[in-house]
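Hello,

Here is the structure I promised to pass on to you. Have a look at it first, and then read on for what turned up in it.

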Amino acid sequence: MPTIPIILDVDTGVDDALAILFAVAHPDIEVLGISCVAGNASLERVVENTLRVLDVAGAPAIPVAAGARRPLISPARSASHVHGEGGLGTVHLPPGERTPEPVNAIELMRRLITDSPRPVTLVALAPQTNLALLLRQYPDLAENIERIVFMGGSASTGNATAVAEFNVWHDPEAAAIVLDAGIPTFMYGLDVFNQVSVDREVAAALEAGDSAYGRVVGALLANRVARSESGSAEYSGLIGDAGALCALVDPEALATRLLPVRVELTGYGRGQTIVDQRRRVGEDIVHGTAGTWEIAEVALDVDAPRYVRLFLDTLGLSAPG
Ligand code: BDR
Ligand code: CA
């Protein structure tokens, strides 16, 4: 199978770290570069975390660049209650020798897409500010973009608000611009994101194991915090953003539909992805405005144990027996 050339857009972030480790380790994925954006942590932290995670991954030289330090219109908002002040929870990685590119992330993406002999897949695991700026500035690049795979949105409930998922909620205008760019789009939203979880015993065994790499992965998994009904933090074990990379290499594990999707920009619903599941594309009957909305491929269900196995196997970490 030929490799899939991708650019990762990240706000590293506990689960972005898991996604980077997966992308670097998977033989079918070729990471051309990584663009950074403010989201789970400040831009400076995101860049530094990304460089350090590449060290943990033992990655070859992969260009990393800093992009937008805030959303297009909204102010930047903290996610430290989920990802900690530094963005990697309680995981503290040592600084390494890698340095960011001396150009902005938009320019790095432009160069990588222009130079690629094969169409590039953009994998967005963060607020989509960088992608929106890129596509507004250089719309012709769409010709060499295979598709956009994004972690974000929800066809059901939200996490940042009752209806909005964090990445879309953080920069709704950017998500709307990207969705309207006329590029095939795949939405890996909370409907599947919240299902793929590594057992607590497995994460604990990794964290206590002999391998330094496994200890980092176990600690990152243990940092995926969910809120119980009482509001207290509890273990979730979600592989999170790494699931969107699993979707690239093992799409058969997902149930997806082509559906009209719209980003709500106003009022209490700001940041919600409204997914119209009333009809199948190609049917004649279209009520209301959904007939004019962009069509995205939306992941609605996942074989979660299969993705957990794929994740651990790719990282060379078998579940302790
Ligand atoms: C998304 O927001 C961040 O917390 C995670 O990194 C993920 O990309 C989930 O809503
Ligand atoms: Ca993220």
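A word on terms before we start: helices are DSSP runs of H or I with at least four residues, strands are runs of E with at least two, and both are numbered from the N terminus. Please also keep in mind that this is a predicted model.

Let me begin with ligand 1. Which residues are around ligand 1? They are D15, D16, N40, H83, L125, M151, N159, E165, F166, N167, F193 and D241. Two helices, α1 (14-25) and α6 (166-170), each supply at least two residues of this shell. By type, the shell divides into four nonpolar, four polar and four charged residues.

Three side chains are worth a look for their polar atoms. In E165, a polar side-chain atom lies 2.5 Å from an oxygen atom of ligand 1. For N159, the distance from a polar side-chain atom to an oxygen atom of the ligand is 2.9 Å. The side chain of D16 has an N or O atom 3.1 Å from an oxygen atom of ligand 1. How much of ligand 1 does the protein bury? Taken alone, ligand 1 exposes 280 Å², and the protein buries 96% of that.

Next comes ligand 2, a calcium ion. Its protein donors are OD atoms of D11, D16 (listed twice) and D241, together with the O atom of L125, and they lie 2.3 to 2.6 Å from the ion. Along the sequence, the donor residues follow the spacing D-x4-D-x108-L-x115-D. One pair among them links distant parts of the chain: D16 sits in helix α1, while L125 is in the loop between β4 (120-124) and α5 (129-137), 109 residues apart. D16, L125 and D241 also appear in the list of residues around ligand 1.

There is a detail of the backbone to point out as well. Most peptide bonds are trans. Here, T12 and G13 are joined by a cis peptide bond, with omega about 0°. G13 is found in the loop between β1 (4-10) and α1.

Finally, the empty spaces. How many cavities of 30 Å³ or more does a search of the whole structure find? The search finds one, and the volume of the largest cavity is about 50 Å³. Its lining is made up of Q128, F150, V168, A175, V178, L179, T185, V263 and T273. Helix α7 (residues 172-179) gives the largest share of that lining, three residues. Six of the lining residues are nonpolar, three are polar and none is charged.

As for pockets, the second largest has a volume of about 160 Å³. It is lined by 15 residues, and the closest to its centre are A41, S42, R77, S78 and A79. The lining of this pocket divides into five nonpolar, seven polar and three charged residues.

Enjoy exploring it!

Conventions. Residues numbered from 1 in each chain as written. Chains lettered and ligands numbered in written order. Predicted model: local features only at pLDDT ≥ 70, side-chain atom pairs only at ≥ 80, totals over all residues. Heavy atoms only, no water. 1 Å grid on protein atoms, 1.4 Å probe; cavity = no way out; pocket = protein on both sides within 12 Å on 5 of 7 lines; lining within 4 Å. Points joined across faces, edges and corners; volume = space filled by probe spheres on them. Nonpolar A, V, L, I, M, F, W, Y, C, P; charged D, E, K, R; others polar. Near = heavy atom within 4 Å. Polar contact = N/O pair within 3.5 Å; in protein donor to acceptor, adjacent residues only side chain to side chain. Areas by Shrake-Rupley, 256 points an atom, 1.4 Å probe, with all protein chains shown as cover. Donors = N, O, S within 2.8 Å, 3.2 Å for Na, K, Ca; no water.
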